[in-house]
Amino acid sequence: MRVLLANPPPSPTDPDVRMVREGRCMQRVGAWTSVWSPLSLALSAAVLREGGHECHIFDGTVDPGGARKFWQMIDDLAPELVVLNVVTPSIVSDLGLADALKKRLPASTISAIGIHAAALPDECFAMASGLDVIIQGEPEVTLRALARARLNPEEVAGLSYQIGRQVVHNNPRETIKDLDELPFPAWDLVDRSKYLMPLTNRQFLLVVTGRGC
C-alpha cells in the first residue's frame, strides 16, 4: 500500500512556527541550533518498505513548500495510510490536519504517532473525529503490523482506535529488545541537505543507540 509519513507543516494561523518533532523533543525550531532529522519517520518507513509497501516522507519542519506542498503530495499519492507525527505545542493544528485529511481521503486510515497522542489518546480522539488510529509506544513494528493487517486494527497490539466515536485500546506491544533488528533508516526519502550542523553547516543525521529517557 501507499504510505505517507509526515511531520505536519506549520499551522495556517502560525506559519512561521516550525516544530522539532523527534521523540520527547518538542520545541520550536528556534530553540535549537539545528533542525533534527526525522529519524522516527525514516525508521518507520524502512520497516514498512521491508513489508513491500511504498513509502514517502514529508518533513514540514524544513520543507519551504509548507501546506501547499503537503496537500500536493496528498493529491498526487492518494496514500492509503497517513502517519502524522504530532506534538504537544501544536497539537490543535496537528489534529485539525487529521480532520482535513479524512475529508480529503475518506477511505484512507489517518494515524498519529508521538508522545502526546500515546499519553492522551482519548483526548486526542475527542479533538479529531477524523483520526482513526493512535500508535502507542514505539511506532515501527506496530505500523508494520497495521499495514500487514490491511489497516484492520482490531487485533494489532499497541494501537488505540475509534469506531464512530467509540475508543478502543488494544493490548500494549512489547518494546523492541534489540534495536539492531531495525533496518537502516530510509534516509533516501528525505533531502539530507536540509539538516545542517550549526557553525560548520555540515550535513548530519541522527543515530539512536538506546531508547528511554
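**Exercise 1. State which exposed residues lie on the face of helix α3 turned away from its buried side, then describe the buried side.**

Solution.
Step 1. On the face of α3 that is turned away from its buried side, the exposed residues are Val92 and Lys103. The model used here is a predicted one.
Step 2. The buried residues of this helix are Ile91, Asp94, Leu95, Leu97, Ala98, Leu101 and Lys102.
Step 3. Viewed down the axis of α3, these buried residues fall within an arc of 145°, so they line one face of the helix. An α-helix has 3.6 residues a turn, so residues three or four places apart point the same way.
Step 4. The packing partners of the buried residues of α3 are α2, β3, β4, α4 (115–119) and α5 (121–127).

**Exercise 2. Check the length of α3 against 1.5 Å a residue.**

Solution.
Step 1. With 14 residues, α3 should span 20 Å.
Step 2. The C-alpha atoms at its ends are 20 Å apart, which agrees with the expected span.

**Exercise 3. Give the order of the strands in the open sheet and name those at its edges.**

Solution.
Step 1. The open sheet has seven strands, in the order β2-β1-β3-β4-β5-β6-β7, with mixed pairing.
Step 2. β2 (54–59) and β7 each have a single partner strand, so one side of each is left without a neighbour in the sheet; these two stand at the edges.
Step 3. On average, neighbouring strands of the sheet are turned by 20° against each other, with direction ignored.
Step 4. As one pairing, β1 and β3 run parallel and are joined by four bridges. Leucine 5 stands opposite valine 83 in β3.

**Exercise 4. Describe how helix α6 is covered and how it lies on the strands.**

Solution.
Step 1. Helix α6 (residues 139–148) is mostly covered, with seven of its 10 residues buried. They are Pro139, Glu140, Thr142, Leu143, Ala145, Leu146 and Ala147.
Step 2. The cover over these residues includes β1, α1, β3, β4 (109–113), β5 (133–135) and β6 (159–163).
Step 3. The helix lies across β1, β3, β4, β5 and β6, and runs at about 145° to β5.
Step 4. After α6 comes arginine 150, which has a positive phi near 55°.
Step 5. Glu140, one of the buried residues of α6, also belongs to a network of salt bridges that links Glu138, Glu140 and Arg211.

**Exercise 5. For the salt bridges of arginine 2, arginine 21 and arginine 49, find the partner, the separation in sequence and the exposure of each residue.**

Solution.
Step 1. The whole structure holds eight salt bridges. Side chains of opposite charge can pair when their charged atoms come close.
Step 2. Arginine 2 pairs with glutamate 80, with the closest N and O atoms 3.9 Å apart. Arginine 2 is in strand β1 (residues 2–7) and glutamate 80 in the loop between α2 (66–77) and β3 (81–85), a separation of 78 residues. Arginine 2 counts as partly exposed because its relative accessibility is 30%, and glutamate 80 counts as partly exposed because its value is 26%.
Step 3. Arginine 21 pairs with aspartate 94, where the closest N and O atoms are 2.8 Å apart. The first residue is in the loop between β1 and α1 (39–50), the second in helix α3 (residues 91–104), 73 residues apart. Both arginine 21 and aspartate 94 are buried.
Step 4. Arginine 49 pairs with aspartate 188, the closest N and O atoms being 2.9 Å apart. Arginine 49 lies in helix α1 and aspartate 188 in the segment after β7 (166–169), so this pair ties together parts 139 residues apart in sequence. Arginine 49 is partly exposed at 34% relative accessibility, whereas aspartate 188 is exposed, with a relative accessible area of 53%.

Technical notes:
Residues numbered from 1 in each chain as written. Predicted model: local features only at pLDDT ≥ 70, side-chain atom pairs only at ≥ 80, totals over all residues. Heavy atoms only, no water. Salt bridge = Lys/Arg side-chain N within 4 Å of Asp/Glu carboxyl O. Buried < 20%, exposed > 50% of the residue type's maximum accessible area, 1.4 Å probe, protein only. Contact = heavy atoms within 4.5 Å. Pairing = 2+ DSSP bridges. Axes fitted to C-alpha atoms, helices over the stretch in contact; angles between N-to-C directions. Expected span 1.5 Å × (residues − 1). Arc of directions from axis to C-beta.
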